[in-house]
Each structure stands twice: as C-alpha cells, then as structure tokens.
Amino acid sequence: EEDKQADFSNGRIELFYDYKKEWNLTGHEEMGVMMKNGEIAVHAHNSFLQAIHDFGLIVGIYIILFGAFTFMFGANSFRTNWKKDMYCLLTPVIIVGFCAAGMAEWMFHICNPMGFALFMSIIPILFSNNKGKI
C-alpha cells in the first residue's frame, strides 16, 4: 500500500520497465505488453519506448538519431541564418517540445499536434530561401 502511495508516476515507471523487457531488434506485430497484474497495456505513454517496442531497436535508434541530427541541423541553420530566416528557429524548438511531450505520451499519431508539428517543422530547414519566407 505504501509503494502505491509513493508512486508519483501514476504507474508509468512500472509500465516503462514492462515495455523495456520486451525490446528486440525487429519489434512486435501487436501493440502492448502484458503487465504484472495481467492487463495488456496498449500504449507505453512514451513515444520512444513505444517506437522501440513496435518497430525494434534498429528503428528506435534511427528515430533518436534523426531527432538529434535534425535538432543540430536546425540549431546550426538558425545560428547562421537568424537575421535572414527566423523560420529556422521552429525546428529546434519544436523538436525539444516533441521530446519533452514524448516522454509522457505517444506523439506519433496524426491527431496529436506535436507529432504533426515535428514533421512540419522540418520544412523550413529543407526549403529555406534565406529571406524569411517559405
């Protein structure tokens, strides 16, 4: 009883451990893991753990590297072009927001605004004309 009262994560830490136990290289066909109490937890409430579980460690590492390199490219683009193109600031800011929100919720659904914003935020650094216009 004391452990349940001391759990400030609303059970998510236990859920994270259950998902981590199921990791493999190729992922799983079915979403969700069996928890200790016999229930199936369909979502990990963590975008990174969910992606690694569903698609495997190889894709999970790719997603993390994609985010890191996109953040670095966006930050460098903003650093060098901030006077000409303020849109370059969108990419690193949205990636930080996506990562922060992704630690507590599944972001890769089209109805989630942060997941959609992540993919839209890449456009300014891919097609920038250095005049502040897209």
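**Gln 50 and the helices around the chain**

In this predicted model, Gln 50 makes contact with Tyr 19, Met 31, Val 42, His 43, Ala 44 and Trp 106, leaving aside residues up to four places away in sequence. Gln 50 itself sits in helix α3, which spans residues 47–55. With a relative accessible area of 0%, Gln 50 counts as buried, because the cut-off for that class is under 20%.

It is helpful to set this residue against the chain as a whole. The protein chain contains 7 helices and 2 strands, and, read from the N terminus, its elements follow the order α-α-β-β-α-α-α-α-α. Of the 134 residues in the protein chain, 32% are buried. Among contacts with a separation of 6 or more, 59% join residues 24 or more positions apart. The accessible surface of the protein chain amounts to about 9000 Å², and carbon and sulfur atoms contribute 66% of that area.

Helix α6 offers a second view of burial. Within this helix, which covers residues 113–121, the buried positions are Gly 115, Ala 117, Leu 118 and Ser 121. Viewed down the axis of α6, these buried residues fall within an arc of 165°, so they line one face of the helix. The general geometry is a familiar one: an α-helix has 3.6 residues a turn, so residues three or four places apart point the same way.

Definitions and conventions
Residues are numbered from 1 along each chain as its sequence is written. This is a predicted model: local features need pLDDT of at least 70, side-chain atom pairs count only at pLDDT 80 or more; totals for chains, interfaces and linings use all residues. Side-chain values use heavy atoms; hydrogens and water are left out. Buried means under 20% relative accessible area, exposed over 50%, partly exposed in between (1.4 Å probe, protein chains only). Helices (H or I, at least four residues) and strands (E, at least two) are DSSP runs, numbered from the N terminus. The arc is that of the directions from the helix axis to the C-beta atoms. Contact means heavy atoms within 4.5 Å. Accessible areas come from the Shrake-Rupley method with a 1.4 Å probe; for residues, only the protein chains shown count as cover.
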